[in-house]
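Trainee: Take me through the ligand site in close detail, please. Then place it in the rest of the chain.

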Amino acid sequence: MEWTLGYWVVLVMSSSSCGWCLYKVIKWIVEGKEKKIGVPRGSSGWPFIGETLHFIASGYSSRPVTFMDKRKNLYGRVFKTHILGRHLIVSTDQDVNKVVLQNHGNVFIPYYPKSITELLGKSSILQMNGALQKRLHALIGGFLRSPQLKARITKDIENSFKLSLSTWKHKHLVFIQEETKQITFEILVKVLMSIDPGEDLNFLKREFGEFIKGLICLPIKFPGTTLYKCLKAKERLLKMVQRIVEERKMAMEKTEEKGNLVKDAIDLLLRDTGESNETQQRLPLDFISGNIVEMMIPGEDTVPMVMTVAVKFLSDNPVVLTRVVEENMELKKLKALSGDEYAWTDYVSLQFTQNVISETLRMANIINAVWRKALKDVEIKGYLIPKGWCVLASFSSVHMDEENYENPYKFDPWRWEKTGAAVNSNIFTPFGGGQRLCPGLELSRLEISIFLHHLVTTYRWEAEADEILNFPTVKMRKKMPITVMPIDH
Ligand code: HEM
């Protein structure tokens with residue numbers, strides 16, 4: 001018996017040490033090769049899991065850029081690592097990020113984890129490249145940025161928030177994360193397909209909720225798995241959106257009356273003849289429906305999370321809150337005196353509130369990085385990104401770098417009044433940049449401004465203790481509960 005046990009112990013030890021030695025040899029050969037071709041320095045960590053555990057642990061901590069900072073100090077601003085099943089090069093350098101984002105000649109293409117690519121579909125704007133991406137980006141960006149849309153949607157946003165806020169005083173606790181999510185979803189659906197509250201909206205909310213669960217899950221697809229369920233939800237979503245697109249197309253042909261006003265994103269894509277670009281073709285109906293569904297992804301969670309984290313920062317910083325209240329009250333009084341309605345420009349001219357939004361975007365890092373794959377060898381600032389490698393351009397590292405922002409962990413909206421901090425610079429990229437700069441940037445800032453204005457001019461609040469979680473996406477641990485007290489005017 002003793003002999004048998006001893007035999008197994010020796011066998012396991014020798015085979016595992018052999019395996020370890022083999023792993024070390026392979027690692028040594030691979031690293032030697034990488035060094036020769038000039039891949040940035042770094043570590044591949046443990047076999048299979050690489051440095052994933054460190055990466056996740058730092059994501060759960062209060063300072064998620066610790067993972068990047070440690071490696072930046074060891075290897076320099078651009079380093080290699082192995083996380084989430086991939087060897088990749090991480091850039092914490094704003095100049096390198098800029099080149100990656102600008103993507104001249106389509107060198108860097110989007111490279112999302114497998115579960116995401118499976119869900120998005122090949123013709124999603126988030127995955128496509130080349131002329132079609134440019135065409136769609138220009139169309140959507142032009143529409144979302146247009147003063148006509150902003151003027152029209154401002155009324156809808158105001159009404160939605162006012163209605164929601166009027167119910168808060170009856171609630172014991174208000175969960176900001178939940179409330180803002182409901183409202184911003186309604187607004188998004190309105191902008192994309194002009195659906196008002198009702199059965200269709202409830203159906204979309206339910207199915208989209210199921211669909212979005214699959215974005216961060218194991219890429220295993222058979223009945224019962226998350227990925228399977230969410231692909232089914234996507235099928236149902238698509239069916240509904242296809243029906244709407246077809247109805248709208250028929251209505252358009254029947255009336256032949258198009259007018260100048262683009263109603264929503266469906267209208268925009270149906271009207272486009274492709275004349276302004278080399279394709280010269282109309283967009284197929286199934287392509288339009290697919291993209292409408294997929295365009296809900298970048299807009300759905302981001303805007304309400306910025307609103308939620310802004311409430312957290314304001315609750316923690318009473319001096320900032322007082323200044324925001326003063327500025328917004330002033331506008332409210334002016335409007336009451338003149339009897340005029342609010343214009344969208346009123347909201348975005350609240351300069352201090354805009355600085356609060358910029359500071360929230362800098363510190364919250366709702367989209368902390370973008371993933372790309374290099375289609376050929378590229379050298380940037382002396383760092384080589386070899387063909388086929390994945391590169392992660394980290395925005396959060398740049399936003400939290402003390403060389404870029406003095407005292408970066410301090411919530412300081414006043415820094416945006418000084419020179420050095422500018423909302424359109426390389427060191428501030430919450431909406432990405434270059435060819436894929438978020439087309440929803442201005443609309444998002446407008447929505448957040450309207451929310452903050454009506455919140456701070458309607459209520460005082462007390463926030464319960466809560467904390468920001470950064471992994472896998474930014475969320476509040478307790479959904480940001482507050483109790484509100486109406487302001488006496
Ligand atoms: C605060 C809110 C938002 C943030 C922080 C944000 C951030 C971003 C970022 C970083 C990208 C670039 C992704 C990349 O380069 O791979 C992006 C792209 C995009 N965003 Fe946003 N976004 C926000 C809101 C919205 C909204 C409200 C919409 C739609 C109504 C939207 C639609 C899009 C689309 C369609 C793209 C893809 C553009 C392309 O690849 O050409 N976003 N967003």
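Mentor: One definition comes before the site: domain bounds here are taken from an automatic or database domain assignment. Keep in mind that this is a predicted model.

Start with the overall placement. Domain 1 is made of two segments, 34-122 and 366-399. Domain 2 is made of 130-365 and 400-486. Both domains give residues to the shell around the ligand, so the ligand lies between them.

Now the shell itself. It has 24 residues. The closest are Gln 133, His 137, Arg 372, Arg 436 and Cys 438. By class, 15 residues of the shell are nonpolar, seven are polar and two are charged. Arginine counts as charged. Arg 372 and Arg 436 are both in the shell, and the shell has two charged residues. The two arginines therefore fill the charged class.

Three side chains make polar contacts with ligand oxygens. An N or O atom in the side chain of Gln 133 sits 2.7 Å from an oxygen atom of the ligand. For Arg 372, a polar side-chain atom is 2.7 Å from a ligand oxygen. For Arg 436, the distance from a side-chain N or O atom to a ligand oxygen is 2.9 Å. Four elements give two or more residues to the shell: helix H6 (130-145), helix H12 (285-300), helix H13 (302-316) and strand S5 (369-374). Gln 133 falls within the range of H6, and Arg 372 within that of S5. Their segments also belong to separate domains: Arg 372 falls in 366-399 of domain 1, and Gln 133 in 130-365 of domain 2.

Next, the metal. The ligand carries an iron atom, and the protein offers it a single donor. That donor is the SG atom of Cys 438, 2.3 Å away. Cys 438 is in the loop between helix H17 (395-399) and helix H18 (441-458). Its relative accessible area is 27%, which makes it partly exposed. Exposure here is computed on protein chains only, so the ligand does not count as cover for this cysteine.

What about other cysteines? Cys 230 has a relative accessible area of 0% and is buried. The structure holds zero disulfides.

Go back to H6, one of the shell elements. Phe 143 is also in this helix. Phe 143 is buried at 5% relative accessible area; the limit for buried is under 20%. From Phe 143 to Val 191 is 48 residues in sequence but 9.7 Å in space, C-alpha to C-alpha.

Helix H7 (residues 147-168) holds Thr 154. Thr 154 is buried too, with 2% relative accessible area. The side chain of Thr 154 reaches the backbone oxygen of Lys 150 at 2.6 Å.

S5 also deserves a second look. Asn 368 is in the loop between helix H16 (351-364) and S5. At 37% relative accessibility, Asn 368 is partly exposed. Asn 368 and Ser 394 are 26 residues apart along the chain, yet their C-alpha atoms are 6.2 Å apart. Further on, Gly 382 is in the loop between strand S6 (378-380) and strand S7 (383-385). Gly 382 is exposed, at 57% relative accessibility. The C-alpha atoms of Gly 382 and Val 96 are 9.9 Å apart, with their positions 286 residues apart along the chain.

Last, the backbone. Most residues other than glycine have a negative phi, and most peptide bonds are trans. Three places here depart from that. Ser 194 has a positive phi, near 55°. Ser 194 is in the loop between helix H8 (176-193) and helix H9 (199-212), and it is partly exposed at 23% relative accessibility. Met 480 also has a positive phi, near 60°. Met 480 is in the loop between S11 and strand S12 (481-486). Met 480 is buried, with 1% relative accessible area. The third place is the cis peptide bond joining Phe 471 and Pro 472, with omega about -5°. Pro 472 is in the loop between strand S10 (468-469) and strand S11 (475-476).

Technical notes
Residues are numbered from 1 along each chain as its sequence is written. This is a predicted model: local features need pLDDT of at least 70, side-chain atom pairs count only at pLDDT 80 or more; totals for chains, interfaces and linings use all residues. Side-chain values use heavy atoms; hydrogens and water are left out. A residue is near a molecule or strand if one of its heavy atoms lies within 4 Å of it. A polar contact is a pair of N or O atoms within 3.5 Å; within protein, one must be able to donate a hydrogen and the other to accept it, and residues adjacent in sequence count only if both atoms are side-chain atoms. Donors are N, O and S atoms within 2.8 Å of the metal (3.2 Å for Na, K and Ca); water is not among the atoms, so sites may look incomplete. A disulfide is a pair of cysteine sulfur atoms within 2.5 Å. Buried means under 20% relative accessible area, exposed over 50%, partly exposed in between (1.4 Å probe, protein chains only).
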